[in-house]
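Please look through the sequence and the model below before reading on. The paragraphs after it go from the whole chain to single residues.

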Amino acid sequence: MELKEILFNKVNDERNDYYEMYNKACTYEDKETQWACYHAIYGVIREAGLEDEYHDWIKELEKKNFERPSTLKATNIDWDVESAKERRFLPTEIEIPDEVIQDETLETYDDLIDAVSDYISDKAGFCHFGFRLEEHYKKDSA
């Protein structure tokens, strides 16, 4: 393994550790420490002028590891509306249909998130600030 690949793997590990910690009930200080570790090592990539190459590497890694969920539901949708009256008539959850999940043009998890975002906005006719995903994957019988 060449030095560049070792560096890319280490940065990706720090990035994954940060995102994993972000989703857990950790202290703010712990999250800030992990964020600082990620940015410190990412700074090496930036200083070496390898940012574009790193982002291409990450994209290829995400394509290789992308697993589509068997079912998907957008929950806790935070609608971009001004009044509680408007919000009251909007769904807080939307089931995502198979044609969105199985769209062959989606290559990474980020692509799937973008497709879900577009779908829920189109379905409701309103923009949103964000949502959470409830994902279910088929278990292998082996």
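What follows describes the overall form of the chain, then its sheet, then one residue in a helix.

The model is predicted. The chain contains 6 helices and 3 strands, and from the N terminus these elements come in the order α-α-α-β-α-β-α-α-β. Three helices thus come ahead of the opening strand in that order.

The overall dimensions can be set against a simple reference. A compact globule of 142 residues would have a radius of gyration near 14 Å, whereas the chain has 19 Å. The C-alpha trace spans about 55 × 40 × 30 Å along its principal axes. Of the 142 residues, 30% count as buried. The chain exposes about 10,000 Å², and 48% of this area is supplied by carbon and sulfur atoms. Among contacts between residues at least 6 apart in sequence, 63% join residues at least 24 apart.

The charged side chains are unequal in number: 18 are positive and 36 are negative. The centres of the two sets lie 5 Å apart.

How are the strands arranged in the sheet? The 3 strands form an open sheet with the order S2-S1-S3, and the pairing is antiparallel. Strand S2 (94–95) and strand S3 (128–136) are the edge strands, each pairing on one side only. Strand S1 covers residues 71–79 and pairs with S2 over 2 bridges in the antiparallel sense. The pairing of S1 with S3 is also antiparallel, and this pairing runs over 7 bridges.

Individual residues show how these pairings are made. Ala74 has a bridge partner in each of the two edge strands: Ile94 in S2 and Leu133 in S3. Lys73 stands opposite Glu95, which belongs to S2. In a regular strand the side chains alternate between the two faces of the sheet.

The last stop is in a helix. Gln34 has its place in helix H2, which covers residues 28–47. Is Gln34 buried or exposed? Gln34 counts as buried because its relative accessibility is 12%, and the cut-off for buried is under 20%. Which residues is Gln34 in contact with, once its neighbours within four places in sequence are left aside? They are Glu14, Asp17, Tyr18 and Met21.

Key
Residues are numbered from 1 along each chain as its sequence is written. This is a predicted model: local features need pLDDT of at least 70, side-chain atom pairs count only at pLDDT 80 or more; totals for chains, interfaces and linings use all residues. Side-chain values use heavy atoms; hydrogens and water are left out. Helices (H or I, at least four residues) and strands (E, at least two) are DSSP runs, numbered from the N terminus. The radius of gyration is taken over C-alpha atoms; the globule rule is 2.2 Å times the number of residues to the power 0.38. Buried means under 20% relative accessible area, exposed over 50%, partly exposed in between (1.4 Å probe, protein chains only). Contact means heavy atoms within 4.5 Å. Accessible areas come from the Shrake-Rupley method with a 1.4 Å probe; for residues, only the protein chains shown count as cover. Lys and Arg count as positive and Asp and Glu as negative; His and the chain ends are not counted. The place of a charge is taken as NZ of Lys, CZ of Arg, CG of Asp or CD of Glu. Two strands pair if DSSP finds at least two bridges between them.
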